[in-house]
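Biologist: I am new to this structure and would like a close look at a single part of it. Please also tell me how that part compares with a few other places in the chain.

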Amino acid sequence: MDNFMYLTPIQQNILIASIIGDGEITKIYPNSRRKNHSYREHFGLDQQAYRKWKISFFDGLLYISEKSNCVRSASLPLFTTLYPHFYDKKGIKHIPIHLLRYCTLPYFLAVLYMDDGSLCISTTVNARKKLIYLTPHIYLYLQCYPPKELEQLQNHILKFFNVIFRLSKRKDGQGMILKTTSVKDTFLFLDLVSPITFDCPSMYYKTNWNERLQMEKEKWKRQQPDFNIVVSSADRWKNYTDEEIQLIKKMKKNGATIQEIADALQRSYWSVMYKWREINKRP
């Protein structure tokens with residue numbers, strides 16, 4: 001594992017998450033001139049910006065092959081060393097349970113989520129009161145892995161990040177995925193990954209609740225223009241009042257930090273940060 005230990009902790013977290021997610025370690029095939037395995041990660045054109053964001057952490061270790069829409073690496077001892085941690089003798093990929101001890105930074109969650117996750121919103125419509133209730137959930141579509149391994153990943157996330165995921169049945173793969181079932185855990189998860197993904201706007205539809213909520217509101221406004229939107233148990237993510245916006249402006253003018261403003265408003269740091277950016281964009 002010497003080659004792996006030369007990586008920074010952030011690189012370790014991102015690489016492990018990537019191999020669990022969309023990435024793969026390619027084997028040395030018979031009669032190949034290569035001496036070591038390499039890394040490969042296919043992606044669609046709509047995710048190119050995200051892949052560029054990801055490889056920016058690796059100082060040239062990973063690069064994008066434009067012709068094949070792949071993230072790739074050279075053949076390196078690093079990937080030869082990592083291969084048996086992720087693949088069994090039949091070449092079937094597994095969650096590297098023994099490597100999870102290195103995955104204690106939010107970068108791990110952020111990349112695993114952006115690779116194989118989704119921000120899903122369940123909807124309840126009350127026609128009599130003209131209300132639409134939105135309940136967000138985080139899904140990690142890891143159904144290719146055995147439920148026992150998902151349980152170990154579930155326990156790891158709870159231990160190091162204090163977010164509760166539940167196993168949920170799925171018809172494909174090996175029958176299970178991970179999802180948050182409480183709004184509290186959903187927003188706690190988003191609080192963890194938002195600082196990591198702040199400079200990756202192409203993935204805001206997953207990571208930026210304010211922007212995603214605005215998209216949902218616009219969709220429902222077209223379908224049900226007379227209905228009001230209610231987000232389940234998410235008071236600190238509710239729309240900002242005029243008084244709150246004026247307080248933000250006043251506190252910033254007086255030199256207050258974003259965290260001090262967040263504490264005053266009882267909102268999350270990143271909710272206030274996004275709102276401050278929005279205020280600055282206004283004419």
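Modeller: A residue is called buried when its relative accessible area is under 20%, exposed when that area is over 50%, and partly exposed in between. Ser73 has a relative accessible area of 7%, and therefore it is buried. The model is a predicted one, and every value below is computed from it.

Some background comes before the close look. The chain has 283 residues, and 49% of them count as buried. It is built from 12 helices and nine strands. Along the principal axes, its C-alpha atoms fill a box of roughly 70 × 45 × 40 Å. If one takes the contacts between residues at least 6 apart in sequence, 64% of them join residues at least 24 apart.

The part I have chosen is helix α9, residues 209–223. With 15 residues at 1.5 Å a residue, helix α9 should span 21 Å, and this agrees with its end C-alpha atoms, which are 21 Å apart. Which residues of α9 are buried? They are Trp209, Arg212, Leu213, Glu216, Lys217 and Trp220. These residues cover an arc of only 140° around the axis, so they lie on the same side of α9. The spacing of their numbers fits a general rule: an α-helix has 3.6 residues a turn, so residues three or four places apart point the same way. On the other side of α9, Lys221 and Arg222 are exposed.

What do the buried residues of α9 pack against? Their partners are the strands β5 (117–126), β6 (131–140) and β9 (228–231), together with the helices α7 (183–197) and α8 (204–207). There is also a detail at the start of α9, where a side-chain oxygen of Asn208 comes to within 3.1 Å of the backbone nitrogen of Asn210.

Elsewhere, two helices can be described as a pair. Helix α10 (residues 242–253) packs with helix α11 (residues 258–265) at an angle of about 145°, and their axes are 10 Å apart. The crossing of α10 past α11 is right-handed. On the α10 side, the contact is made by Glu244, Leu247, Ile248, Met251 and Lys252; on the α11 side, it is made by Ile258, Glu260, Ile261, Ala264 and Leu265.

Three single residues complete the comparison. Ser73, the buried residue from the start of this answer, sits in strand β4, residues 70–73. The side chain of Ser73 reaches the backbone nitrogen of Tyr39 at 2.8 Å. Leaving out residues up to four places away in sequence, Ser73 touches Ser38, Tyr39, Leu61, Leu62, Tyr63 and Phe79.

Gln154 belongs to helix α6, residues 147–161. Its relative accessible area is 16%, so Gln154 is buried as well. With residues up to four places away again not counted, Gln154 touches Phe165, Arg166, Leu167 and Leu178.

Pro77 is in helix α4, residues 77–86. Is Pro77 buried, exposed or partly exposed? With a relative accessible area of 38%, Pro77 is partly exposed. Apart from neighbours within four places in sequence, Pro77 is in contact with Asn3 and Asn36. Pro77 and Asn254 are 177 residues apart along the chain, and their C-alpha atoms are separated by 54 Å.

Technical notes: Residues numbered from 1 in each chain as written. Predicted model: local features only at pLDDT ≥ 70, side-chain atom pairs only at ≥ 80, totals over all residues. Heavy atoms only, no water. Helix = DSSP H or I, 4+ residues; strand = E, 2+ residues; numbered from the N terminus. Expected span 1.5 Å × (residues − 1). Buried < 20%, exposed > 50% of the residue type's maximum accessible area, 1.4 Å probe, protein only. Arc of directions from axis to C-beta. Contact = heavy atoms within 4.5 Å. Polar contact = N/O pair within 3.5 Å; in protein donor to acceptor, adjacent residues only side chain to side chain. Axes fitted to C-alpha atoms, helices over the stretch in contact; angles between N-to-C directions. Left-handed = near helix turned anticlockwise from the far one by under 90°.
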